[in-house]
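This report follows the strands of one protein chain and then turns to its nonpolar core. Look at the sequence and the structure first.

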Amino acid sequence: VWEWVWDIYQADYQSLPASDPIGPSTGPYRVVRGGSWGYGAMDQRIARRYNGFTPDLRYDYLGFRVVRSSP
């Protein structure tokens, strides 16, 4: 599934740092990454980024991964 990430969408993605591109601190849209079963091969990479989802949307191809910082 596409995975929700912490980042708020920023249209000018190329202006962000290459390492850990967090983006703006506020905005209506969240970024999702990684593709899902309903998309083609080009979308099946973690580098694939898609915007346009507000956090209240639910779809069968959207999910999340629980992660934790190491101590």
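Two strands count as paired if DSSP finds at least two bridges between them. The model described here is predicted.

**The sheet**

Four strands form an open sheet in the order S3-S2-S1-S4, and the pairing is mixed. Strands S3 (49–53) and S4 (62–63) lie at the edges with a single partner strand each, so one side of each has no neighbour in the sheet.

The pairings within the sheet are set out below.

| Strands | Sense | Bridges |
|---|---|---|
| S1 and S4 | parallel | 2 bridges |
| S1 and S2 | antiparallel | 3 bridges |
| S2 and S3 | antiparallel | 3 bridges |

Strand S1 covers residues 2–8, and strand S2 covers residues 30–33. Individual residues can be followed across the sheet. Arginine 30 stands opposite phenylalanine 53 in S3. Tryptophan 4 faces valine 32 in S2. Tryptophan 2 has leucine 62 in S4 as its bridge partner.

**The core**

Which residues make up the largest nonpolar core? There are 5 of them: Trp2, Val32, Phe53, Tyr61 and Leu62. Being part of such a core requires a residue to be buried, which means under 20% relative accessible area.

Tryptophan 2 belongs to this core and is also the bridge partner of leucine 62. With neighbours within four places in sequence left aside, the contacts of tryptophan 2 include the core residues Val32, Tyr61 and Leu62. Among its other contacts are Arg33, Ser36, Tyr39, Asp43, Arg48 and Tyr50, as well as Gly34, Gly35 and Gly63.

Methods: Residues numbered from 1 in each chain as written. Predicted model: local features only at pLDDT ≥ 70, side-chain atom pairs only at ≥ 80, totals over all residues. Heavy atoms only, no water. Core = buried A, V, L, I, M, F, W, Y, C linked by side-chain atoms within 4.5 Å. Buried < 20%, exposed > 50% of the residue type's maximum accessible area, 1.4 Å probe, protein only. Contact = heavy atoms within 4.5 Å.
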